[in-house]
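Thanks for making the time this morning. I would like to walk through one model with you, beginning in its interior and working outwards, so please keep the structure in view while I talk.

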Amino acid sequence: MEDHKRLVRQGYNAIANDYLAARTAESADIKLLDDFMAQLPAGALVLDAGCGAGVPISRILQNKSRVVGVDFAETQLGLARRLVPDASFVCQDLTALGFAPNCFDAICSYYAIIHVPRQEHEALFWRFRHILKPGGLAFLCLGANDLAMDMNDDYFGVPMHWSHYDAKTNLALIEKCGLHLVWSRLIPDSHWPHSSHLFVLAQKPS
Ligand SMILES: C[S@@+](CC[C@H](N)C(=O)[O-])C[C@H]1O[C@@H](n2cnc3c(N)ncnc32)[C@H](O)[C@@H]1O
């Protein structure tokens, strides 16, 4: 597990600028933020989990909320602090988040959980539930198909891992972890349209 995470962290440190340059802001995945943000209370405290360079996600969230971005790749965080100066960014592993219980109004996570070994997803969802306020929202990008471990030797020039469950298993896991499903949608990847991601809006009970 630690080798898997080290490879992901080193990879995202190495490709920070190239990934940012390729990141889309007008695609269907980004448009889903409108619905999520419309449900946030004014001045909501939102965790951007696996925030990368903070653009476009933290920057868009910051228009309406207070944003704390978390990532374990320091180079990504350096870009985020420069590009989204009004948000706060901290270096943490998603699987060892050190926040107080019931502190966030919402959690948003784009394309990060799919890099966490899937055996750790259940514990991660429980941790998200723990740090959300009652009634808080989790807006998560998850895998759509069953992929115990995928390895690409040339992802923006570096090796990279992905690991996730299929959509049905993910939805069951969300409910098992005490988060009630509000909606879910399959959205084609903006760079690789033959593959899709599952976007889920779920809520911690009040
Ligand atoms: C594909 S990028 C997405 C960045 C950003 N969310 C976006 O949509 O532009 C995935 C990010 O998740 C981070 N990440 C992956 N696994 C992580 C972990 N276990 N803890 C913290 N960050 C992680 C990577 O460092 C990387 O910055």
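The largest nonpolar core holds 54 residues, and those touching the most other members are Ile 107, Cys 108, Ile 113, Ala 138 and Val 200. By a nonpolar core I mean a set of buried Ala, Val, Leu, Ile, Met, Phe, Trp, Tyr and Cys residues joined through C-beta atoms within 7 Å, where buried means that 20 or more other C-beta atoms lie within 10 Å of a residue's own, exposed means 12 or fewer, and partly exposed covers what is in between, with C-beta atoms placed from the backbone. The element that gives the most to this core is β5, with seven residues. Helices and strands here are DSSP runs, H or I of at least four residues for helices and E of at least two for strands, numbered from the N terminus.

I should say at once that this is a predicted model, in which local features need pLDDT of at least 70 and side-chain atom pairs count only at pLDDT 80 or more, while totals for chains, interfaces and linings use all residues. Residue numbers start from 1 along each chain as its sequence is written.

Staying with Ile 113, and leaving aside neighbours within four places in sequence, this residue is in contact with His 121, Leu 124, Leu 140, Cys 141 and Leu 142, contact meaning C-beta atoms, placed from the backbone, within 7 Å. Leu 142 in turn has Leu 198 of β9 as its bridge partner, and β9 is itself mostly covered, six of its eight residues being buried.

That brings us to the sheet. How are its seven strands ordered? They form an open, mixed sheet in the order β3-β2-β1-β4-β5-β9-β8, two strands being counted as paired if DSSP finds at least two bridges between them. Because β3 (88-91) and β8 (180-188) stand at the edges with a single partner strand each, one side of each is left without a neighbour in the sheet. From one strand to the next the twist averages 15 degrees.

Strands β5 (residues 132-143) and β9 (residues 196-203) are antiparallel and share seven bridges, with Leu 137 standing opposite Gln 203. On the way to the edge, β8 and β9 also run antiparallel, joined by eight bridges, and there Pro 188 stands opposite Ser 196.

Two helices pack against this sheet or lie across its strands. Helix α5 (residues 74-83) touches β2 (66-71) and β3, its direction making about 170 degrees with that of β3; axes are lines fitted to C-alpha atoms, for helices over the stretch in contact, and angles between N-to-C directions run from 0 to 180 degrees. Helix α6 (residues 121-131) lies across β4 (104-109) and β5, and runs at about 150 degrees to β5.

Some backbone details in the loops deserve a look. The peptide bond from Val 55 to Pro 56 is cis, with omega near 10 degrees, and Pro 56 lies in the loop between β1 (45-49) and α4 (57-62). Asn 102, in the loop between β3 and β4, has a positive phi of about 60 degrees although it is not a glycine; Asn 102 is partly exposed, with 13 other C-beta atoms within 10 Å. Phe 156, in the loop between β6 (147-155) and β7 (158-164), also has a positive phi, near 50 degrees, and is partly exposed, with 16 other C-beta atoms within 10 Å.
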